[in-house]
Structures are given as C-alpha cells and as structure tokens.
Amino acid sequence: MDRQPRDEHLMGLALEDARDAASAGDVPVGAVVARGEEVLGRAGNAREREQDPTAHAEILALRQAAAALGSWNLGGCTIYVTLEPCAMCAGALVLSRIDRLVFGADDPKAGFAGSLGDLVRDPRLNHALEVTSGVLADACGDVLRDFFRDRR
C-alpha cells in the first residue's frame, strides 16, 4: 500500500479512538502506532477516565506498542495522531526512537511538532522524527471543534 492511502487509513483508526475518547468525556485525541500496516497500539485520551495527567493518547499507544514488541525502542514504527503532540508527547516520541510522526490538526496553543516548538526535529537531540502533517486535518479538527462547542 502506498504511503498516502496507508496514512489516511491509519489516521481514520486514530479518529475512531478520538471519537471514543469524546464519548467518555475526554478531549478527543486518538493515536495509532503501526509498523507498516500492522497496528501495534492504539488509544484515545484517557486523562479524565484514568485521572492521570499522562494518559494522553500518544503515551497510551506507545505503551501498547512497546509491550507488543517487547522493547521500548520503536524504531521502524510510525505514530498517527489526530492532533499535533504536546511537549510531553513529543518528548516521548523522541525517547521511543519512533521513526515517523503523522498528525492531522495543528495545535497552535500547545503543539511541539512545529507550532510552539519543534522538539521532534530538534537537531540538538540524539534522535529526530520524519513528520507529515495535515493528514485528514479537517476531520481531525472537526472532532475537536464539535467537542468543545458542545461543552460551551
């Protein structure tokens, strides 16, 4: 499968997880970690459900992928996230040695993959990720806008 259709398919799975998170009262962000087309981990935000400030979709999906591989080193993997990762999640991506980040919507208020900073490509660090942004950006942004509109 070519990269673009695979990226859109796997981002679609992340969107499902984002919608599930919203249904549970969490900010609708979803993440999928894959090696090629094999899904190794997927999750939606669970901060409210777990009362855990680190229960971001990316962190939960990374944990699942590491468990599936039996290694913290996720080289050869790609993470698909509906929203540009925050500083905590961007740092976790670098530390996991994941190869590639694909995200949907930009996060101008908290994003650290190009918006507020660019931790995932900082040349001072010992690992940098390839980044593809804007995959299904409208759908990813709509899930967030709908969630916050309904909260107002």
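Trainee: Let's start in strand S4: which residue there is the bridge partner of tyrosine 80?

Mentor: Tyrosine 80 is bridged to valine 102 in S4. Keep in mind as we talk that this is a predicted model.

Trainee: What makes S3 and S4 a pair of strands, and in which sense do they run?

Mentor: Two strands count as paired once at least two bridges are found between them. S3 and S4, the latter covering residues 100–105, are joined by 5 bridges, so they meet that mark. Their sense is parallel.

Trainee: How do you know that S1 and S3 pair as well?

Mentor: The test is again at least two bridges. Strand S1 (residues 30–35) shares 4 bridges with S3, and the pairing is antiparallel. Among those partners, valine 32 has tyrosine 80 in S3, and alanine 34 has threonine 78 in S3. Tyrosine 80 thus appears twice in our story, bridged to valine 32 and to valine 102 in S4.

Trainee: What makes S1 and S2 partners, and which residue of S2 is bridged to alanine 34?

Mentor: Here 6 bridges join S1 to strand S2 (residues 38–44), so the requirement of at least two is satisfied. These strands run antiparallel. On the S2 side, alanine 34 has valine 39 as its bridge partner. The hairpin of S1 and S2 leaves 2 residues between the strands, and glycine 36 in this hairpin has a positive phi near 65°.

Trainee: Why is S1 described as largely enclosed?

Mentor: A residue is buried when its relative accessible area is under 20%. In S1, 5 of the 6 residues are buried, so the strand is largely enclosed by the rest of the structure. Strand S3 (residues 78–83) is mostly covered too, with 6 of its 6 residues buried.

Trainee: Now the helices. Why are H3 and H4 called roughly parallel?

Mentor: Angles under 35 degrees earn that name. Helix H3 (residues 57–69) and helix H4 (residues 87–96) pack at about 20°, so they are roughly parallel. Their axes are 9 Å apart, and the crossing is left-handed. On the H3 side the contact uses Glu58, Ile59 and Leu62, which meet Met88, Cys89, Ala92, Leu93 and Ser96 of H4. Sorted by class, this contact has 6 nonpolar residues, 1 polar and 1 charged.

Trainee: What makes H1 and H5 fit a description of that kind?

Mentor: H1 (residues 3–23) packs against H5 at an angle of about 5°, with 10 Å between the axes. That angle is under 35 degrees, so H1 is roughly parallel to H5. Met11, Leu15, Ala18, Arg19 and Ala22 of H1 touch Ala139, Cys140, Val143, Phe147 and Arg151 of H5. By class, the contact divides into 8 nonpolar residues, no polar ones and 2 charged.

Trainee: How do you know whether proline 53 counts as buried or exposed?

Mentor: Exposed means over 50% relative accessible area. Proline 53 has 64%, so it counts as exposed. This proline sits in the loop between helix H2 (47–50) and H3. Leaving aside residues up to four places away in sequence, proline 53 touches Arg47 and Met88.

Trainee: And why does alanine 68 count as it does, buried or exposed?

Mentor: Alanine 68, in helix H3, has 51% relative accessibility, so it passes the cut-off of over 50% and counts as exposed.

Trainee: Why is arginine 97 placed in its accessibility class?

Mentor: Partly exposed is the class between the buried limit of under 20% and the exposed limit of over 50%. Arginine 97 has 23%, so it is partly exposed. It lies in the loop between H4 and S4.

Trainee: What makes the phi of arginine 97 worth a comment?

Mentor: Most residues other than glycine have a negative phi. Arginine 97 is not a glycine, yet its phi is positive, at about 65°. Leucine 136 also has a positive phi without being a glycine, at about 50°. Leucine 136 is in the loop between strand S5 (130–133) and helix H5 (137–151). With 31% relative accessibility, leucine 136 counts as partly exposed.

Note on methods:
Residues numbered from 1 in each chain as written. Predicted model: local features only at pLDDT ≥ 70, side-chain atom pairs only at ≥ 80, totals over all residues. Heavy atoms only, no water. Axes fitted to C-alpha atoms, helices over the stretch in contact; angles between N-to-C directions. Parallel < 35°, antiparallel > 145°, perpendicular 65-115°, else oblique. Left-handed = near helix turned anticlockwise from the far one by under 90°. Contact = heavy atoms within 4.5 Å. Nonpolar A, V, L, I, M, F, W, Y, C, P; charged D, E, K, R; others polar. Buried < 20%, exposed > 50% of the residue type's maximum accessible area, 1.4 Å probe, protein only.
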